[in-house]
Amino acid sequence: REDLWVREGKILNPEKLFFDEKGSADVQLDCKGSIIAPGFIDVQINGGFGVDFSLATDDFKSGIDLVSQKILSHGVTSFCPTLVSSPPSVYHQILPQISVRDGGAHGAGILGAHLEGPFISREKKGAHPEHCLRTFEGGAFQDLLATYGSLDCVRIVTVAPEMKRSSEVIRELTKRGICVSLGHSVANLSQAEEAVQHGATFITHLFNAMLPFHHRDPGIVGLLTSDKIPAGRRVFYGMISDGIHTNPAALRIAHRAHPKGLVLVTDAIAGMGLAPGRHTLGQQVVEIDGLNTYIAGTKTLSGSVATMDTCVRHFQDATGCSVEMALEAASLHPAQLLGIEHSKGTLNYDSDADFLMLNDSLYVQATYIAGQEVWRQDTWGM
């Protein structure tokens with residue numbers, strides 16, 4: 001029921017304005033009863049609108065620009081372009097073309113790349129091509145550096161923690177401020193706990209591409225209620241809340257067990273926003289049938305075509321959680337995961353004025369970055 005004050009791209013504490021500057025707003029906007037929420041942050045998105053972030057093309061930059069522009073309508077104001085397991089040559093070509101940048105009218109901000117693989121388990125490779133998978137040989141961290149070529153713009157790396165020498169790799173990545181995520185893995189709970197003790201803070205799409213929960217050894221899923229998490233640390237976990245990847249009951253179980261760690265991700269692929277048919281995911285061909293996406297000719301799920309705002313609505317619908325909780329799972333929690341909650345993911349004073357206006361059914365009406373309107377629903381306010 002309150003006003004939101006913005007100046008120079010930041011959310012302003014109006015008290016200082018009234019008392020110190022005796023000022024008032026230059027521009028006033030009637031939000032017509034909308035909900036104002038922080039912009040969504042997608043930390044796992046493989047592409048969309050025909051663009052695949054794991055394909056090295058000459059116009060890779062224009063592809064990333066297109067996706068960042070189009071996802072503004074889904075309420076996404078910053079994201080981590082995600083690469084699935086690929087040959088080293090692909091990382092060497094693509095990573096230098098990804099740069100961290102602020103969002104604006106040109107599109108959502110880029111927070112850095114999420115490298116999902118290739119240091120993952122063969123048994124739980126999911127849609128990742130087997131010939132690209134790698135292990136940590138003699139050099140461990142050096143092998144990872146040689147594979148990726150550079151970690152300059154890398155924000156998240158997904159690894160399988162049961163791999164030999166993964167502990168030292170996790171420590172080295174964490175030391176560099178890179179978030180380590182556990183996924184595509186057959187790890188048992190103690191291997192997962194050890195990885196967290198070495199610095200891992202995230203789980204890549206919980207329940208997907210990992211051992212199913214078992215009461216005697218709950219595996220990675222057990223991290224949600226583990227008592228071996230170091231004091232003061234929180235484990236976050238991604239969930240693809242598209243109604244396909246996780247049964248609503250599983251979504252509810254995770255949410256009730258550890259609500260403050262839940263991070264909504266789209267895991268969207270190039271086919272998001274396009275008609276059903278054949279599209280790519282890195283080295284593979286995928287088939288889209290409705291909201292289902294499979295590796296062509298199989299029943300292996302391969303990413304999603306759901307948009308972030310759809311995931312937020314489905315999550316709220318499935319769990320019956322509060323509107324605030326649903327919105328925080330797509331904004332505050334991913335910001336906390338990346339350690340940027342002082343500037344993103346909230347509407348606190350002095351944070352970046354990246355925010356959305358939504359109607360009561362959580363459909364995005366308008367998207368703002370740094371206080372500037374960057375997208376608006378045509379019919380809004382009619």
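The UniProt record, an unreviewed entry, places the feature "domain: Amidohydrolase-related" at residues 35-374. In this predicted model, the chain over residues 35-374 is 24% helix and 22% strand, and the C-alpha atoms at its two ends lie 17 Å apart.

Aromatic side chains offer a friendly way into the fold. The structure holds seven aromatic pairs. One of them joins Trp-5 and Phe-18: the ring centres are 5.3 Å apart and the planes stand at 90 degrees, so the arrangement is edge-to-face, an angle over 60 degrees being what that class requires. Trp-5 belongs to the segment before strand E1 (6-7), whereas Phe-18 is part of helix H1 (residues 14-19), so this contact between rings ties together parts of the chain that are 13 residues apart in sequence. The two partners can also be described by their accessibility. Trp-5 is buried, with a relative accessible area of 18%, which falls under the 20% limit for that class. Phe-18, at 38%, is partly exposed.

A second pair, Phe-119 with Phe-136, has another geometry. Here the ring centres are 4.5 Å apart and the planes are at 15 degrees, so the pair is stacked, as planes under 30 degrees apart are counted. Both residues sit in the loop between strand E9 (113-116) and helix H4 (141-148), and with their positions 17 residues apart in sequence the pair links distant parts of the chain. Phe-119 is buried at 0% relative accessibility, and Phe-136 is likewise buried at 5%. The stacked pair is also part of a wider group, as Tyr-91, Phe-119, Phe-136 and Tyr-148 form one aromatic cluster.

Thr-147 makes a handy vantage point on this cluster. The residue is found in helix H4 and counts as buried, with a relative accessibility of 2%. Leaving aside residues up to four places away in sequence, Thr-147 touches Pro-88, Tyr-91, His-92, Pro-118, Phe-119 and Arg-134. Among these contacts, Tyr-91 and Phe-119 are members of the aromatic cluster.

Aromatic rings also take part in arrangements with charged side chains. The charged end of Lys-299 is placed over the ring of Tyr-294, at 4.3 Å from the ring centre. Arg-313, in turn, lies over the face of Tyr-363, with a distance of 3.7 Å to the centre of the ring.

Note on methods:
Residues are numbered from 1 along each chain as its sequence is written. This is a predicted model: local features need pLDDT of at least 70, side-chain atom pairs count only at pLDDT 80 or more; totals for chains, interfaces and linings use all residues. Side-chain values use heavy atoms; hydrogens and water are left out. UniProt positions are given in the numbering used here, feature names are shortened, and annotations may be inferred rather than shown by experiment. Helices (H or I, at least four residues) and strands (E, at least two) are DSSP runs, numbered from the N terminus. Rings of Phe, Tyr and Trp (its six-membered ring) pair if their centres lie within 6.5 Å; planes under 30 degrees apart count as stacked, over 60 as edge-to-face and the rest as tilted. Buried means under 20% relative accessible area, exposed over 50%, partly exposed in between (1.4 Å probe, protein chains only). A charge sits over a ring if NZ of Lys or CZ of Arg is within 6 Å of the ring centre and within 35 degrees of the ring normal. Contact means heavy atoms within 4.5 Å.
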